[in-house]
Amino acid sequence: MRRFIFFILLAFLLAFAFWKWESGPGARLAHEKFTPATGPVIDLKDVKVLDAIDAEYTKLVQSVVPSVVAVATARRIRVQVMDPLDYFFGRRRMAEQTQSALGSGVIVSREGHILTNNHVVANMEQIRVQLTDGRTFPAELVGTDEAVDIAVLKVKADNLAPLLLGDSDQVRVGQMVFAVGNPFGLQETVTRGIVSARGRALRDSGVEFLQTDAAVNPGNSGGPLLNLRGEIIGINSAIFSQTGGWAGISFAIPSNVAKHTLNSILQTGRPVRGYLGVNTMPLNRVLAEQFGIPDGKGALVTDVTPGSPAERSGIRPGDVIRSFNGRTIPDATAMRDLIRQAGIGTKVVLGIVRDGAPLSVSTETSEVPPGQAMAPREAPRPGDS
């Protein structure tokens with residue numbers, strides 16, 4: 001009888017346990033009704049334009065990314081180290097450490113020439129370049145132009161895909177652009193934006209930057225800014241930031257400036273710039289009214305170097321240069337850019353206003369005399385990209 005009662009109780013307990021298991025949370029989930037969606041809510045036939053844009057974005061990115069490289073640099077530096085005993089006895093010890101940095105670059109020739117920023121490679125002892133297919137090569141520093149923050153590297157590698165340097169003078173505010181680079185070491189990062197402005201001058205850069213809202217961060221420096229044709233229209237160089245992070249304002253060196261430096265370094269081994277021997281300043285509203293310039297465009301000549309091409313052509317302080325070989329001069333920075341990019345021995349016709357009267361002056365550029373080279377570019381900080 002006791003055995004019978006024991007088996008009855010055991011069966012009851014097993015049944016109760018099974019019931020609790022069946023009716024537990026897992027069981028409720030297992031029996032919960034779930035009806036998934038049967039398909040997308042939008043048929044691509046109904047958004048043909050968006051579908052085409054999406055496909056074209058992808059095609060563009062896939063075409064240009066193989067031409068963008070990651071640049072890794074390193075150098076040995078001496079730093080002071082102190083332990084508690086050194087501090088107590090007033091000792092100073094120096095030790096060597098490796099300082100490394102990351103940047104970006106873009107292939108511009110089948111022979112392996114790469115454009116990047118000067119501040120990416122300046123004072124570095126080792127430069128290595130990683131391609132998008134994973135291959136890594138030591139890079140030779142062919143030449144640099146500190147004044148415009150451009151450097152030319154070269155690697156010995158096969159099957160390289162260069163990109164074309166486009167005409168940055170044709171860039172329009174509002175046009176779509178893509179930035180490709182290696183921000184924070186995240187290689188092959190692509191961001192999109194528009195050209196926000198042209199002719200932005202930062203501190204004493206001497207370069208009229210292209211301003212964009214494409215996201216650019218540390219490590220993007222030296223990477224290309226591209227148009228919809230996959231042409232390089234700028235080399236990403238700096239950002240405007242109060243925190244060191246991207247705030248929607250990025251700056252790129254125009255491709256025409258980079259192209260001039262590239263050609264100069266390849267032909268002569270160094271950057272060579274045109275020179276006229278004039279110092280200029282921009283026109284403000286008061287000066288524009290004083291010199292009879294209704295639209296405020298032009299570069300006011302403040303000084304002429306003795307013996308320079310400008311002096312020989314008769315240009316005087318107080319002249320307002322309004323055009324350069326038929327191109328309108330918006331301000332003094334644009335004037336400096338055009339002179340530098342003109343090369344050596346270029347015939348130049350300047351349209352000027354003197355005492356309210358328009359004049360035409362012919363001259364010829366020469367090389368910058370020793371000791372009168374343009375001051376090096378002061379890279380904007382903390383916003384270097």
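Trainee: How many of the 385 residues in the protein chain, as a percentage, are buried?

Mentor: Buried here means under 20% relative accessible area, with exposed set at over 50% and partly exposed in between, using a 1.4 Å probe and protein chains only; by that cut-off, 43% of the 385 residues in the protein chain are buried. Keep in mind that this is a predicted model, in which local features need pLDDT of at least 70 and side-chain atom pairs count only at pLDDT 80 or more, while totals for chains, interfaces and linings use all residues. Residues are numbered from 1 along each chain as its sequence is written, and side-chain values use heavy atoms, with hydrogens and water left out.

Trainee: Which helices and strands does the count cover, and how many are there?

Mentor: Helices (H or I, at least four residues) and strands (E, at least two) are DSSP runs numbered from the N terminus, and the protein chain has nine helices and 21 strands.

Trainee: Is His113 buried or exposed, and what is it in contact with?

Mentor: His113 lies in strand S3, residues 113–116, and counts as buried because its relative accessibility is 12%. Contact means heavy atoms within 4.5 Å; leaving aside neighbours within four places in sequence, His113 is in contact with residues including Val106, Val108, Val152 and Leu266.

Trainee: Which side chain makes a polar contact with that of His113, and which with that of Ser237?

Mentor: A polar contact is a pair of N or O atoms within 3.5 Å, where, within protein, one must be able to donate a hydrogen and the other to accept it, and residues adjacent in sequence count only if both atoms are side-chain atoms. The side chain of His113 is joined to that of Ser109 at 2.7 Å, while the side chain of Ser237 pairs with that of Asp149 at 3.0 Å. Ser237 belongs to strand S12, residues 232–239, and is buried, with a relative accessible area of 0%.

Trainee: Which residues touch the most other members of the largest nonpolar core?

Mentor: In soluble globular proteins, nonpolar side chains tend to be buried together. A nonpolar core is a set of buried Ala, Val, Leu, Ile, Met, Phe, Trp, Tyr and Cys residues joined through side-chain atoms within 4.5 Å; the largest has 25 residues, of which Val106, Val108, Leu115, Ile150, Ile232, Ile235 and Ile253 touch the most other members. Helix H6 (255–268) is among the elements that give two or more residues to this core, and H6 supplies the largest share, four residues.
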